[in-house]
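The following report walks through selected features of a protein model, moving from individual backbone details to the packing of the interior. Please keep the sequence and the coordinates at hand while reading.

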Amino acid sequence: MDIEPVVNASFDHIFRFSQEQVIQFAELTGDNNPLHLDADYAATTSFKRPIIHGMLGATVFTKVLGTQFPGFGSIYLKQTLEFLRPMFVDNEYKAVFTIKTIDPAKHIAEISTEIVDATTKKVVTRGIATMINQEIF
């Protein structure tokens, strides 16, 4: 990914999660809330169907920031998160990243992180990642 490390530079990543990945995340974390795993239970909620764990959705941030930009050698210092809308399995989402600040003396950048529903164009999750990368920033 060829991103210029300047304020307001933006990039995105398209992704989706399967129900199998939701099950694996539940097994890994121990969060077996039936809202994520049981369609009959979820049907009784305001969502009407199972939703993805908010924290599973947010893993796209660490994937992209750790492997694509700023990439290898990066250290995550902080991540704020707001879960605004539910995410559903097999829906397409776009993670959008925008560099907000760069402190070259400390090699630190603040990068806005958003997940947008590709169909509705509504933001489902948002936050700010604070990253250090000695070579990029």
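Pro-70 is found in the loop between α4 and β2 (75-79), and the peptide bond that joins Phe-69 to Pro-70 is cis, with omega at about -5°. The model is a predicted one, and this backbone detail, like those that follow, is computed from its atoms. Pro-70 is also among the residues touched by Ile-111, a residue to which the report returns below.

**Positive phi values**

Two residues other than glycine have a positive phi: for Lys-48 the value is near 70°, and for Asp-90 it is near 65°. The table sets out their locations and accessibilities.

| Residue | Phi | Location | Relative accessibility |
|---|---|---|---|
| Lys-48 | near 70° | loop between α3 (39-43) and α4 | 59% |
| Asp-90 | near 65° | loop between β3 (82-83) and β4 | 47% |

Lys-48, at 59% relative accessibility, counts as exposed because the cut-off for that class is over 50%, whereas Asp-90, at 47%, counts as partly exposed.

**The nonpolar core**

The largest nonpolar core has 32 residues, and those with the most contacts inside it are Phe-15, Phe-97, Ile-111 and Ile-115. At least two residues of this core are supplied by each of β1 (10-15), α1 (19-29), α4 (54-67), β4 (93-103), β5 (108-117) and β6 (123-132), and the largest share, 6 residues, comes from α4.

Leaving aside residues up to four places away in sequence, Ile-111 touches Leu-65, Pro-70, Phe-97, Thr-98, Ile-99, Lys-100, Gly-127, Ile-128, Ala-129, Met-131 and Phe-137. Ser-112 lies in strand β5, and it is buried because its relative accessible area of 12% falls under the 20% cut-off. With the same sequence neighbours left out, the residues touched by Ser-112 are Val-96, Phe-97, Thr-98, Lys-100, Gly-127 and Ile-128.

**Packing of α1 against α4**

How are α1 and α4 placed relative to each other, parallel or perpendicular? Their axes are 10 Å apart and the helices pack at an angle of about 105°, and α1 and α4 are therefore roughly perpendicular to each other. On the α1 side the contact is made by Gln-21, Val-22 and Phe-25, and on the α4 side by Met-55, Leu-56 and Thr-59. By residue class, the contact of α1 with α4 divides into 4 nonpolar residues, 2 polar residues and no charged residues.

How values were computed: Residues are numbered from 1 along each chain as its sequence is written. This is a predicted model: local features need pLDDT of at least 70, side-chain atom pairs count only at pLDDT 80 or more; totals for chains, interfaces and linings use all residues. Side-chain values use heavy atoms; hydrogens and water are left out. A nonpolar core is a set of buried Ala, Val, Leu, Ile, Met, Phe, Trp, Tyr and Cys residues joined through side-chain atoms within 4.5 Å. Buried means under 20% relative accessible area, exposed over 50%, partly exposed in between (1.4 Å probe, protein chains only). Helices (H or I, at least four residues) and strands (E, at least two) are DSSP runs, numbered from the N terminus. Contact means heavy atoms within 4.5 Å. Axes are lines fitted to C-alpha atoms, for helices over the stretch in contact, and angles run from 0 to 180 degrees between N-to-C directions. Angles under 35 degrees count as roughly parallel, over 145 as roughly antiparallel, 65 to 115 as roughly perpendicular and the rest as oblique. Ala, Val, Leu, Ile, Met, Phe, Trp, Tyr, Cys and Pro count as nonpolar, Asp, Glu, Lys and Arg as charged, and the others, Gly among them, as polar.
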